[in-house]
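Here are my notes on the model, set out as numbered points. They take up a helix pair and then an internal cavity.

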Amino acid sequence: MKIIGTGSALPTLTVTNEMLSEFLDTNHEWIYTRTGIVQRRIISDESLTELAVSACRNAITNANLEAKDIDFILCSNIVNDYVIPGLSCIVQGKLGANCPCIDLNGACSGFIYALDLASAYLNMGKVKNILIVCADELSKIVDWSARDTSVLFGDGAGAMVVTQGKNLKSSHLSTTSAVAPLYYQRKLEFNPYSKNEEFKPLVMNGKDVYKMAVNASIQDINIVMQEANVSPNEVSYYLLHQANVRIIETIREYLGEREEKFPKNIHKYGNTSSASIPILLDEMNKDGKLKDGDLLVMSAFGAGFSSGACVVEWGK
Ligand code: UT7
């Protein structure tokens, strides 16, 4: 597997911490010092599908390909306007691609899972170019009256095209079943034969998720670096899920690494779920920060509780 193109798209509406404190019992100081978030982008006039399609078009163009060259679309998504069909099917039609598509729900770690699945599929030799798109609008499932969760998330989409190659040096996925720390229970239609469960907007035990995230990420990173036989001084960048600057800092301190190796954009976009690493990677690509041969360690964690990490060499 190797990455040959990246793309991203974000909503136009910027919602600052100050804007949230107009209707929530919160303030910029609390949000910024606890999370590093200054503002986030929230879908208002546009749709998630439009963002996903735009991120995909950018990634396909960046890969010097056309939609007809895509053999498979893997979409990491947990919330959009439809339960069925999957967002990947809608995106495929709008792109004008002609290939099988599937959505996966790996919550915030969905991107690492998609990358790993893409690699396995490419190794089978069945396909040549896979489009991965991670798109989410957590703004549709948070309780906007709950200050402990609504201030954390933002909407966005990140995409990439991967093809056959030898640049995925190692990857590791893990899941430890735990619903209570982070979940959203959706509203279901009335069914006369079964009891109707209570609807719950996004519920999170922040402290539990924080601890699980730090432990899982450190463990995953150690495993993938060992498997790839990569030492810290060989790593160019650690691209961590943008959930909280304090989580990123704790992991960085544990690894004893320099701050400039941990690029961040959480201050601008908040936690965009599985789109966070692809958006970050696309920004770095556009800014010319990535050189051929750069070793990137990526690590994400989220509801499930699921986590994953990988070592990828940058270069077409
Ligand atoms: O993609 C994975 C998703 N989730 C995460 O990665 C989240 C991981 N967890 C975290 O990032 C942190 O736990 C939070 C940022 C969510 C919370 O930080 P914390 O230091 O764990 O704060 P806390 O939950 O212990 O809350 C401390 C206080 C509480 O007040 P009391 O009980 O001490 O009086 C909260 O009610 O802060 C209060 N609080 C707020 N105050 C102002 C909670 N949310 C807010 C808020 N503004 N938005």
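1. In this predicted model, the crossing of helices H7 and H8 is right-handed. The axes of H7 and H8, the latter covering residues 245-255, come within 10 Å and cross at roughly 40 degrees. That angle lies outside the range under 35 degrees that would count as roughly parallel, and H7 is therefore described as oblique to H8.

2. On the H7 side, the contact with H8 is made by Tyr-210, Ala-213, Val-214, Ser-217, Ile-218, Ile-221 and Asn-222. H8 contributes Arg-246, Ile-247, Thr-250, Ile-251, Tyr-254 and Leu-255 to this contact. Sorted by class, the residues in the contact of H7 with H8 comprise 9 nonpolar, 3 polar and 1 charged.

3. As for internal voids, the count comes to 1 cavity of 30 Å³ or more, and the volume of the largest cavity is about 40 Å³. The lining of the largest cavity consists of Ala-178, Pro-181, Leu-182, Val-209, Met-212, Gly-302, Ala-303, Gly-304 and Phe-305.

4. Which elements give two or more residues to the lining of the largest cavity? They are helix H7, spanning 206-227, and strand S13, spanning 304-313. H7 thus appears in both parts of this note, since Tyr-210 and Ala-213 are among its residues in the contact with H8, while the helix also gives two or more residues to the cavity lining.

5. The lining of the largest cavity divides by class into 7 nonpolar residues and 2 polar ones, with no charged residue, whereas the contact of H7 with H8 includes 1 charged residue.

Notes
Residues are numbered from 1 along each chain as its sequence is written. This is a predicted model: local features need pLDDT of at least 70, side-chain atom pairs count only at pLDDT 80 or more; totals for chains, interfaces and linings use all residues. Side-chain values use heavy atoms; hydrogens and water are left out. On a 1 Å grid over the protein atoms alone, a cavity is a set of points where a 1.4 Å probe fits but cannot get out, and a pocket is an open set with protein on both sides within 12 Å along at least five of seven lines; lining residues have an atom within 4 Å of a point. Grid points are joined across faces, edges and corners, and a volume is the space filled by probe spheres set on the points. Helices (H or I, at least four residues) and strands (E, at least two) are DSSP runs, numbered from the N terminus. Ala, Val, Leu, Ile, Met, Phe, Trp, Tyr, Cys and Pro count as nonpolar, Asp, Glu, Lys and Arg as charged, and the others, Gly among them, as polar. Axes are lines fitted to C-alpha atoms, for helices over the stretch in contact, and angles run from 0 to 180 degrees between N-to-C directions. Angles under 35 degrees count as roughly parallel, over 145 as roughly antiparallel, 65 to 115 as roughly perpendicular and the rest as oblique. A crossing is left-handed if the near helix is turned anticlockwise from the far one by less than a right angle, and right-handed if clockwise. Contact means heavy atoms within 4.5 Å.
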